[in-house]
Every structure is written in structure tokens, then in C-alpha cells.
Amino acid sequence: MNKKVLAIYYTQSGQMGEIIDTFTAPLIAAGATVEKAQIRLVNNYDFPWTGTRFFSVMPSCVLGIPEPIHPLNLKDTKYDLVILGYQPWFLSPSIPSNSLLQSDEFKAIIKGTPVITISAGRNMWINSYVRVRNMIKDAGAKLVGNVALLDKHPNPISFVTIFYWMLTGKKERYLNIFPKPGVSEQDIAGTEVYGETVAKHLENNELDTLQDDLIAQKAVEINYKLMFIEARAKPIFAVWAKIIAGRKNRTPWLSAFKYYLFVALFLGAPVLLTLDAIFLKPFSGKRIKRNKLKYLQVIN
Ligand SMILES: Cc1cc2nc3c(=O)[nH]c(=O)nc-3n(C[C@H](O)[C@H](O)[C@H](O)COP(=O)(O)O)c2cc1C
């Protein structure tokens, strides 16, 4: 097919690079020209992280403060399709992705162009997706597909393993007891199937119905409990971010946020989920269904 595709992404560990390669392989096989580009921050974040640096980016993530990025130096100015690979950081688009979405250069590229988003986080991606979706719409582009990849292990387990990964740089089994962190090799390989679906829709000029097929293929799924926790955490993160951003000495506040996060996840979330299961969920079937649909779809 005679189509030009831009696949642009950020990655620290290389995980998103692997996903983009697998996801776009069927497009290349179908004859599309796929240009791959990475977002390059002027001051990149070192990987692996230290604990202090990891938490220090929280206010900028949540408040959506962009950082300078290098010019994209792309071969073209317009594409038939743009694929954006990003990751959530603190329930928000990662700073590099947010910086790209706020850059005039990228906004001009996606204006009037179909866009597919693909995220690869731990497991809380909904809030960042809504923000990315809004930014894409504000730039005058059209979101036609979304794939959300995540670590499918239980929430407390992936919380432990992601820290091991982020603080050592090793996507390996912590202590040989915990499972591997991040998106599984099987799920990464599975993105090829989604790529085939995209290739079919792109070739037939049917991108408007792409997301229905991606949903049917489970390229994006909503886990009720995670959706519930994320919805409660979102406004609380916003309050923390505003408080911390306003402090001259952020260190004690970031440390307090870190402890809050541990307590909220290991104590607060199970208590809230239990209360919800007894008092709210049984009577909220319609609302839950509506919310799930809102996040599965690409229109807002
Ligand atoms: C600072 C930071 C915050 C993160 N916060 C979240 C989060 O809120 N939700 C989530 O699902 N994953 C979160 N992650 C995991 C990332 O989304 C992503 O899976 C991981 O960083 C690997 O991405 P990479 O391709 O850049 O290596 C966070 C990672 C970092 C570094």
C-alpha cells in the first residue's frame, strides 16, 4: 500500500521500542513506509532512576509541565497515519510524551491526521490516556485507535517489581521470586496482531472503524478495580502536586508523598475497594458500564 506512517515514541528501558517494532511490522510487510522516531529531551532522564529522582518528577508530570525537546528532524511534514507510543508517569502522560504533544512542531504534523496511541505502563493508564486524547483533539488531529498494554500481575506485586526494574534497570525477576516486571513478552509479541488490524484498516481507508476491531481483539481492556483506584487517586495526586510545586524545599514533601503512596496502595485501596464492593458497586452497574465505554473508545 502506498501510505506514509510516522511512529514516534519515548522509551527508557527499550520496552516501547520493542512494542513499536512489533506493532509496525505488519504495516511494513503490507508495503507502507514507516518512519520511526524517538522523542529526545534536551535534558533526558537518566535510567535507571534513583528513588529521589523518581519521585521528584511527580509534580511536573501531574501538572503537565513540558520540558524542551530536540527538533524532530523528520523526513516529511505530513503522514497518512501517526502512531504515538507513550507511557504513564504518575497517572499522567510521561514528561517526554507531554512535551511532544505540547510542541508546535508535532501539533502541526498531526493536525488533520489520524492518530493511534499505544501506551505501555504498569497498570494505571486511564487518566494519562484521557489527557493524551484531549491534547490530540486540541491539536486538530483525529484519534482513531488506542492500544493499552500493561503488567497483568496483581497490583501490589507489580508495584514492587516496577520499582526493582526502575531502580536497577533490570527487567528481571526480583529475588527470583517475583514475576518479571512490565509488559510480558507474550503481550509484546501479541501487538503484531493489532498491527495487522491497523494495516487492514489503513489500506482500505477504514480507520474510522479501527477501534471497534481493536476492542474486540482486547487491545484495550478496562479492569474495574484499577479504574476505581485510579479515579480516586487522580484528584489526590493533583493536590499533592500543587502543594509540592509551591514549596521551596520540596524534599520533605516528596518524601511524605512517597509514604502516602505506599500506605494508599497497600492499606487505603483494599479498604476502599471492600467498602465499594458492599455499598456502591452493586447499585452502579449502568454508571460503571458507561465509564468503561468512555475509556475504551477513542472519542471524548
Ligand atoms: C516516574 C515514573 C512514573 C510511573 N508512573 C506510572 C503510572 O502512574 N502508571 C503506570 O501504569 N505506570 C507508571 N510507570 C511505568 C511506565 O509507564 C513504563 O511502563 C515504564 O517506565 C517503562 O517504560 P519505558 O518504555 O520508558 O522503559 C511509571 C514510570 C516512571 C519512570
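In this predicted model, F90 has contacts with F54, F55, V57, M58, C61, V62, F237 and F257, leaving aside its neighbours within four places in sequence. F90 is also one of the residues that touch the most other members of the largest nonpolar core, together with I8, V82 and F257. F90 appears again among the residues closest to the centre of the largest pocket. The points below cover the cores, the pockets, the cavity, one helix and three single residues.

**Nonpolar cores**

- The largest nonpolar core holds 69 residues, and the members that touch the most others are I8, V82, F90 and F257. Helix α10 gives the most to this core, with ten residues.
- A second core is separate from the largest one and has 29 residues, among them I20, L81, V147 and A199.
- F257 is both a contact of F90 and one of the residues that touch the most other members of the largest core.

**Largest pocket**

- The largest pocket contains about 890 Å³ of space. Its lining consists of 39 residues, and P88, W89, F90, L91 and R122 are the closest to its centre.
- Five elements each supply at least two lining residues: α1 (15-29), β4 (88-89), α7 (155-168), α10 and α11 (251-280). Of the elements, α11 gives the most, with seven residues.
- By residue class, the lining of the largest pocket has 28 nonpolar, nine polar and two charged residues.

**Second largest pocket**

- The second largest pocket contains about 470 Å³ of space. N123, L150, D151, N223 and L226 lie nearest its centre, out of 29 lining residues.
- Two or more lining residues come from each of β7 (142-149), α7, α8 (185-203), α10 and α11. Helix α11 gives the most to the lining of the second largest pocket, with five residues.
- The lining of the second largest pocket divides into 17 nonpolar, six polar and six charged residues.

**Cavity**

- One cavity of 30 Å³ or more is found in a search of the whole structure. The volume of the largest cavity is about 50 Å³.
- Its lining is formed by N123, W125, I126, L150, E221, I222, N223, L226, M227 and E230. Six of these residues are nonpolar, two are polar and two are charged.
- Helix α10 (residues 224-245) gives the most to the lining of the largest cavity, with three residues.
- N123, L150, N223 and L226 line the largest cavity, and these four are also among the residues nearest the centre of the second largest pocket.

**Helix α6**

- Helix α6 spans residues 126-138, which makes 13 residues, and it reaches 18 Å from its first C-alpha to its last, close to the 18 Å expected at 1.5 Å a residue.
- The buried residues in α6 are I126, N127, S128, Y129, V132, R133, M135 and I136. Residues three or four places apart in an α-helix point the same way, because there are 3.6 residues a turn.
- I126 in α6 is buried, and I126 is also part of the lining of the largest cavity.
- G140 follows α6 and has a positive phi, near 80°.

**Residue S99**

- S99 is part of helix α4 (residues 95-102).
- S99 counts as buried because its relative accessibility is 3%, under the 20% cut-off.
- The contacts of S99 are L41, P66, E67 and I69, with neighbours within four places in sequence left aside.

**Residues Q211 and T209**

- Q211 is part of helix α9 (residues 210-216). Its relative accessible area is 4%, so Q211 is buried.
- Not counting residues up to four places away in sequence, Q211 touches V144, G145, N146, V220, L296 and V298.
- Q211 and G64 are separated by 147 residues in sequence and by 27 Å in space, C-alpha to C-alpha.
- T209 is in the loop between α8 and α9. T209 is partly exposed because its relative accessible area is 39%, and partly exposed lies between the 20% and 50% cut-offs.
- The C-alpha atoms of T209 and V144 are 7.9 Å apart, while the two residues are 65 residues apart along the chain. V144 is also one of the residues that Q211 touches.

Methods: Residues are numbered from 1 along each chain as its sequence is written. This is a predicted model: local features need pLDDT of at least 70, side-chain atom pairs count only at pLDDT 80 or more; totals for chains, interfaces and linings use all residues. Side-chain values use heavy atoms; hydrogens and water are left out. On a 1 Å grid over the protein atoms alone, a cavity is a set of points where a 1.4 Å probe fits but cannot get out, and a pocket is an open set with protein on both sides within 12 Å along at least five of seven lines; lining residues have an atom within 4 Å of a point. Grid points are joined across faces, edges and corners, and a volume is the space filled by probe spheres set on the points. Helices (H or I, at least four residues) and strands (E, at least two) are DSSP runs, numbered from the N terminus. Ala, Val, Leu, Ile, Met, Phe, Trp, Tyr, Cys and Pro count as nonpolar, Asp, Glu, Lys and Arg as charged, and the others, Gly among them, as polar. The expected span of a helix is 1.5 Å times one less than its number of residues. Buried means under 20% relative accessible area, exposed over 50%, partly exposed in between (1.4 Å probe, protein chains only). A nonpolar core is a set of buried Ala, Val, Leu, Ile, Met, Phe, Trp, Tyr and Cys residues joined through side-chain atoms within 4.5 Å. Contact means heavy atoms within 4.5 Å.
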